[in-house]
Amino acid sequence: MIFALSTSPHDDARHRVEHELDDGTRLVWELLDEEPPGALAAAEVAVRGGWVARLDRVDFPPGGIAYRHVHPGPGIRFLLHGELTIDRGNGEPRTYVAREAWFEGADDPVLATASATEDTAFVRVLLLPEEWAGKRSIRYVDRRDEDKPRLQRATVLSEEPLPL
């Protein structure tokens, strides 16, 4: 199954989560049988019935860091403003700028560092096993990071079961 983010819906989607930005841009995350043309981001995922789709927004102050962490399910993010450097530990960190999207797989460890000079925010849809419904999904790779200040703030906008 393909998990994709586009700016318009597709008739053959098995599930869809939509979000409208302040400027009227429509973001559409979908589960499909094939990658749609013009997708902002897409990846093959293995999900089953009993999972949930969570739409949330994560805000960072200047210089905010989400220490190396994982989530129990895959997600596609869309950067609203600012810059965010994602270090996957492969020696090739990537800096995303406003209106760029990216995929993170389940249990892929990432270190996220926000712009040092401006606020940064993204919206995402995470696909999570049902036991994570209503729970914080970030898990730090190094347990010592649990005690460090968390400057980023996640706000859940919606959470719904995947009817697969």
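Trainee: Which residue takes a positive phi in the hairpin of β8 and β9?

Mentor: In this predicted model, that residue is G89, with a phi near 80°, and the hairpin has six residues between its two strands.

Trainee: What makes β8 and β9 a pair?

Mentor: Two strands count as paired if at least two bridges are found between them, and here four bridges join β8, residues 83–87, to β9, residues 94–97, with the strands running antiparallel. The four bridges meet the cut-off of at least two, so β8 and β9 are called a pair. As one place to look, T85 stands opposite T95 in β9.

Trainee: How do you know that β8 and β11 pair, and in which sense?

Mentor: The reasoning rests on four bridges in the antiparallel sense between β8 and β11, which covers residues 110–114, and T85 has T113 as its bridge partner in β11. T85 thus appears in both descriptions, opposite T95 in β9 and as the partner of T113 in β11.

Trainee: What does the side chain of D87 reach, and how do you know that this is a polar contact?

Mentor: D87, whose place is in strand β8, has a side chain that reaches the backbone nitrogen of G89 at 2.7 Å. A polar contact needs N or O atoms within 3.5 Å, and the value of 2.7 Å lies inside that limit, so the pair qualifies. Leaving aside neighbours within four places in sequence, D87 is also in contact with R68, P93, P109, V110 and L111.

Trainee: Why are β10 and β14 called edge strands?

Mentor: They belong to an open sheet of five strands in the order β10-β7-β12-β5-β14, with antiparallel pairing. β10 (101–104) and β14 (153–161) each pair on one side only, and that is what the name records. The twist averages 20° from one strand to the next.

Trainee: How many bridges are there between β5 and β12?

Mentor: There are 10, in the antiparallel sense, between β5, residues 51–60, and β12, residues 120–129. Set against the cut-off of at least two bridges, the value of 10 is enough, so these strands pair. W51 stands opposite P129 in β12.

Trainee: Which strands are the edge strands of the sheet of four?

Mentor: The order in that open sheet is β2-β3-β1-β4, again with antiparallel pairing, and the edge strands are β2 and β4 (41–44), each of which pairs on one side only. Neighbouring strands here are turned by 10° against each other on average, direction ignored. Six bridges join β2 to β3, residues 26–32, and R16 stands opposite E30 in β3.

Trainee: How many residues line the largest pocket, and which lie nearest its centre?

Mentor: The lining has 24 residues, and V58, H71, R124, I138 and A154 lie nearest the centre, while the space inside is about 300 Å³. The elements that give two or more residues to this lining are β5, β6 (65–70), β8, β12 and β14.

Trainee: What makes a residue such as L80 or R99 part of the lining of the second largest pocket?

Mentor: A lining residue has an atom within 4 Å of a point of the pocket, and the residues listed for this pocket are H19, E20, L21, D22, R57, L80, H81, R99, V123 and L157. About 170 Å³ of space lies in this pocket, and by class its lining has four nonpolar, two polar and four charged residues.

How values were computed
Residues are numbered from 1 along each chain as its sequence is written. This is a predicted model: local features need pLDDT of at least 70, side-chain atom pairs count only at pLDDT 80 or more; totals for chains, interfaces and linings use all residues. Side-chain values use heavy atoms; hydrogens and water are left out. Axes are lines fitted to C-alpha atoms, for helices over the stretch in contact, and angles run from 0 to 180 degrees between N-to-C directions. On a 1 Å grid over the protein atoms alone, a cavity is a set of points where a 1.4 Å probe fits but cannot get out, and a pocket is an open set with protein on both sides within 12 Å along at least five of seven lines; lining residues have an atom within 4 Å of a point. Grid points are joined across faces, edges and corners, and a volume is the space filled by probe spheres set on the points. Ala, Val, Leu, Ile, Met, Phe, Trp, Tyr, Cys and Pro count as nonpolar, Asp, Glu, Lys and Arg as charged, and the others, Gly among them, as polar. A polar contact is a pair of N or O atoms within 3.5 Å; within protein, one must be able to donate a hydrogen and the other to accept it, and residues adjacent in sequence count only if both atoms are side-chain atoms. Contact means heavy atoms within 4.5 Å.
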